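Trainee: I would like to go through this chain with you. Could we take the overall picture and then the local backbone?

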Amino acid sequence: MSDPALLPATALAGLFARRALSPVEALEAVLARIAALNPRLNAIVALDEAGARTAARASEARWRDGLPLSPLDGVPLTVKDNIAMAGLPCAWGSPLFRDVAPVRDELPVARARAGGLVLLGKTNVPEFTLQGYTDNTLFGPTRNPWNPALTPGGSSGGAVAAVAAGLGPLALGTDGGGSIRRPASHTSLIGLKPSPGRVPRCDGLPAILLDLEQIGPIARTTADLVALLALLAPGDARDPASRALPGFAVPPAVAPQRILFVPRFGANPVDPEIATSTAIAAARLGALGHMVEEGEAPFTTEELAALFGPIGQAGLAWLLAARGGAPEAPMLREMAAAGRDLPATALFAALDGIAGFRRRMAGFFQAWDLILTPAAAALPWPADQVAPPVIDGQPVGPRGHAVFTNFANLAGLPGLALPCQPAENGLPIGFQLVGPAGSDGLLCALAAQWEAAQPWADRWSALPPEIADPRNA
């Protein structure tokens, strides 16, 4: 048997059920790996060893008695540090929240705990989870397991670094503009930004991005992601959006889908290796029987920026007015100042524009089933650098790497990142599939089909060398 820390969540649970491995043994393997690797990667910023060991012992007893709380009982899970977890800090990457200590779990964490998962601790984020890399003045930068000199992206950078390094097979992240999908693409993982309401939320931090931000699962395999999503997905009256969705289900087979492949958005540059890898993925989906046609996006990045900008600016300004103080990051100080100066009419115009955009995209999906794009426009860049200044020889702004993802948030659509052919130097590359609202199960079914044809779960970085995967030795 492989090192338990390197096994998928569903494989661990299968071993627990057969009494071939105990949750305590699995946890100790993960904790050993955390002790060896986390000082270098800085993925986990608050570790609850005592609580995790207590939970693992309780899970061991339940499996022994044949009474697991869920199919994932005993599986280790990390929680992003903008999701409330009782008993641990929720610093949100900011000195302004360093002393915040929730007494209640946010609903998805509560459901994971009730399902018997072993909650390891909190993963690192950029300040207020509003940037596309992972660094802050409280904890410092998180590093990519595939190359620790580079970022894993953000804002779920700590979450993906943990899963990619074997510091727990599952993670909860958040995605307000691509913060699950882009980091997943930088670390050879699968990550889902669900439809609004698919993972009900309550008892969390202030919603500075409204329903543009959703909590979603990050995993190494499709089966793991589906198992965690199924646990989190039942509707809850405290999140009205969840009551409007049908129950979560993954169809057993995937009919041929009409897929619009959009290789770039307007004149925005894309790294050539990402462009090539994504085009190969589009062709391979076509070979699986789907109808893939290349075309242009039914919107412009300028249109998206005009809708997204006021929400983030006003949300941050509102938060700081209520909390007091100023962000550490210069970009966020500028963002907050813009929010303070934003007239109410501009915010209302953005909200009305988002409602119209959602109606328009609903109409678009009458003719198409899915949109396929790169997940990110750039390969990972230095870990302490906010964003790559140049992509394919062209200067870009701080969001140039992130152009492909926020349309799904604005339109209220589910988006899934999947690994595809890596770069020549071995760095991971991912592509994105976006479907109509409520199509989370369809995306998962397509992911399973893709994984069966193009498996990625055995791709492990050989870095850091002190604990390489035995299969790479």
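Trainee: How far apart do the end C-alpha atoms of residues 25–444 lie?

Mentor: This is a predicted model, in which local features need pLDDT of at least 70, side-chain atom pairs count only at pLDDT 80 or more, and totals for chains, interfaces and linings use all residues. Residues are numbered from 1 along each chain as its sequence is written, and side-chain values use heavy atoms, with hydrogens and water left out. The span is 36% helix and 14% strand (DSSP runs, helices being H or I of at least four residues and strands E of at least two, numbered from the N terminus). Its end C-alpha atoms lie 30 Å apart.

Trainee: What radius of gyration does the chain have?

Mentor: The rule for a globule is 2.2 Å times the number of residues to the power 0.38, and the radius is taken over C-alpha atoms. For 473 residues, a compact globule would come near 23 Å. The chain agrees with that, at 21 Å.

Trainee: Is Ser 188 buried or exposed?

Mentor: Ser 188 sits in the loop between helix H6 (181–185) and strand S5 (190–193), and its phi is positive, near 65 degrees. Buried means under 20% relative accessible area, exposed over 50%, and partly exposed in between, with a 1.4 Å probe and protein chains only. At a relative accessible area of 2%, Ser 188 is buried.

Trainee: Which peptide bond is cis?

Mentor: One of its residues, Ser 155, lies in the loop between strand S3 (118–123) and helix H5 (157–164). With omega near 10 degrees, the cis bond runs from Gly 154 to Ser 155.
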